Amino acid sequence: MSAVAIKGWCPGALRPMRSGDGLVVRVRPHGGRLDAKQAAGIAALAERYGNGLIDLTSRANLQIRGVSDQGHRPLIEELSRLHLLDPDPESEARRNILVTPFWSASDDTCFLAAELEQRLVMGPPGLPTKFGFAVDCGTERALAGASADIRIERSIAGELIVRADGAEHGRPVARSEAVKVALALAEWFVDFGGARDGRGRMAAHIGAGAKLPDALRGRAEPVRTIAEPRLGLYPQGAMVGAAFGQVTRATLSYLAGCSPGLRMTPWRMILAEELREMAHCEGLVTQADDPILRVVACPGAPACREAYADTRALAATLAQHIAADERLHVSGCAKGCAHSGRAALTLVAAREGFDLVRGGSTRDAPALRGLSAGRMIADPSVLTGRTDAACL
């Protein structure tokens, strides 16, 4: 594993991050949704001020890539006109809210997400920039596997609950008090040592022995979770994907033209509202068994200045050799920006080739070091150590 500089923060629109292809400007849709005008506007801005490429992030946000220093100011002015800008960088950083894309008008999701956004403008102070909330109020939980520290969900009895990530049970709440309790939980996290040096996560805090106070602790069991959604048709619309979670401005513009609203997801997919058949456009992935969905890769070199290698070309080439129930993660460095968790196979680019981790993450000890892209392409069985390539 190579030593890397962990920035510990995520980019925003007001606080972009510099990368190898220019500034990365992250746009956080309100309520996890873009209306057609906003989506078309982002596509146009990506072409005018960026390099035309737009990332779909695991926080259900979008990132306009390749923005110049001179283009940043006019870009955020345009984002403000689209009502996609926060009042200041601090409140923008706090507005880390995942919203289930399967919400309906009859549940409480949109109401609670909007109230939470409003209240987060004023605090609480001291939250780490990666600290986040999930509003997941359907009859089944869709976001259980997504990164969040405080979750507003339903119990198996159908009542709303607020649950600290890492806690088995949640506290039942009325709709009118759900956001208040969620923010009280966030304040407890800060006051009782959960945040240090701008970092910290709820599950780790509780796992280290922190005890929730009686007022924030409950015995309600969360409703069951659904399997990670796949591409296809849903009652709310069509779920479509993109290779490596990156679309062009043309692809986003197309989707904006055929749907009244786009719901962003933490799975780097987009749910296009009201579509009753799959959208077909260059750059979209619409088949759930497409091998490209079995690989995850960060932008790699030269788009990222931290990366040691081109990741996506290698991942795309190896995708056809990955078993349908496995995942290959190719990372440009040990940070693992594209996928922080474990994968069946993880390749980490280093100065002397790729390190291979089996059944772990970028931070685990590799089974092999110094693999070249050419060797893996010529003999993909080196990834698993098995000789029957068909079983990869």
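The legends below describe close-up views of a predicted model.

**View 1. Helix α5 and its surroundings.**
Helix α5 comprises residues 178-191. For these 14 residues, a rise of 1.5 Å a residue gives an expected span of 20 Å, and the end C-alpha atoms lie 20 Å apart, which agrees. Buried residues of the helix are Ala178, Val179, Val181, Ala182, Leu183, Leu185, Ala186, Trp188 and Phe189. The elements that cover these buried residues include the helices α4 (109-120) and α6 (202-207). Strands also contribute to the cover, among them β7 (133-135), β8 (150-154), β9 (160-164) and β10 (171-172). Just after α5, Gly193 adopts a positive phi of about 85°.

**View 2. Gln63 in strand β5.**
Gln63 belongs to strand β5, which covers residues 62-67. Its relative accessibility is 9%, and Gln63 therefore counts as buried, the cut-off being under 20%. The side chain of Gln63 is joined to that of Arg26 by a polar contact of 2.7 Å. Neighbours within four places in sequence aside, the residues in contact with Gln63 are Pro11, Val24, Val25, Arg26, Leu53, Ile54, Asp55 and Thr57.

**View 3. The largest cavity.**
The structure contains 3 cavities of 30 Å³ or more. The largest cavity has a volume of about 90 Å³. Its lining is formed by Trp9, Cys10, Pro11, Gly12, Arg15, Arg28, Pro89, Glu92, Ala93, Asn96 and Thr129. Divided by class, the lining of the largest cavity consists of 5 nonpolar, 3 polar and 3 charged residues.

**View 4. The second largest cavity.**
The second largest cavity encloses about 60 Å³ of space. Lining residues of this cavity are Arg28, Pro29, Gly31, Gly32, Ala60, Asn61, Arg95, Ile97, Val99 and Glu117. Arg28 thus appears in the lining of the second largest cavity and also in that of the largest cavity. In the second largest cavity, the lining residues comprise 4 nonpolar, 3 polar and 3 charged.

**View 5. The second largest pocket.**
A volume of about 240 Å³ is found for the second largest pocket. The residues that line this pocket include Ala167, Glu168 and His169. Also in the lining are Ile206, Gly209, Ala210, Lys211 and Leu212, together with Arg217, Gly218 and Arg219. One of these residues, Ile206, lies within helix α6 (202-207), an element that helps to cover the buried residues of α5. The lining of the second largest pocket divides into 4 nonpolar, 3 polar and 4 charged residues.

Definitions and conventions. Residues numbered from 1 in each chain as written. Predicted model: local features only at pLDDT ≥ 70, side-chain atom pairs only at ≥ 80, totals over all residues. Heavy atoms only, no water. 1 Å grid on protein atoms, 1.4 Å probe; cavity = no way out; pocket = protein on both sides within 12 Å on 5 of 7 lines; lining within 4 Å. Points joined across faces, edges and corners; volume = space filled by probe spheres on them. Nonpolar A, V, L, I, M, F, W, Y, C, P; charged D, E, K, R; others polar. Helix = DSSP H or I, 4+ residues; strand = E, 2+ residues; numbered from the N terminus. Expected span 1.5 Å × (residues − 1). Buried < 20%, exposed > 50% of the residue type's maximum accessible area, 1.4 Å probe, protein only. Contact = heavy atoms within 4.5 Å. Polar contact = N/O pair within 3.5 Å; in protein donor to acceptor, adjacent residues only side chain to side chain.
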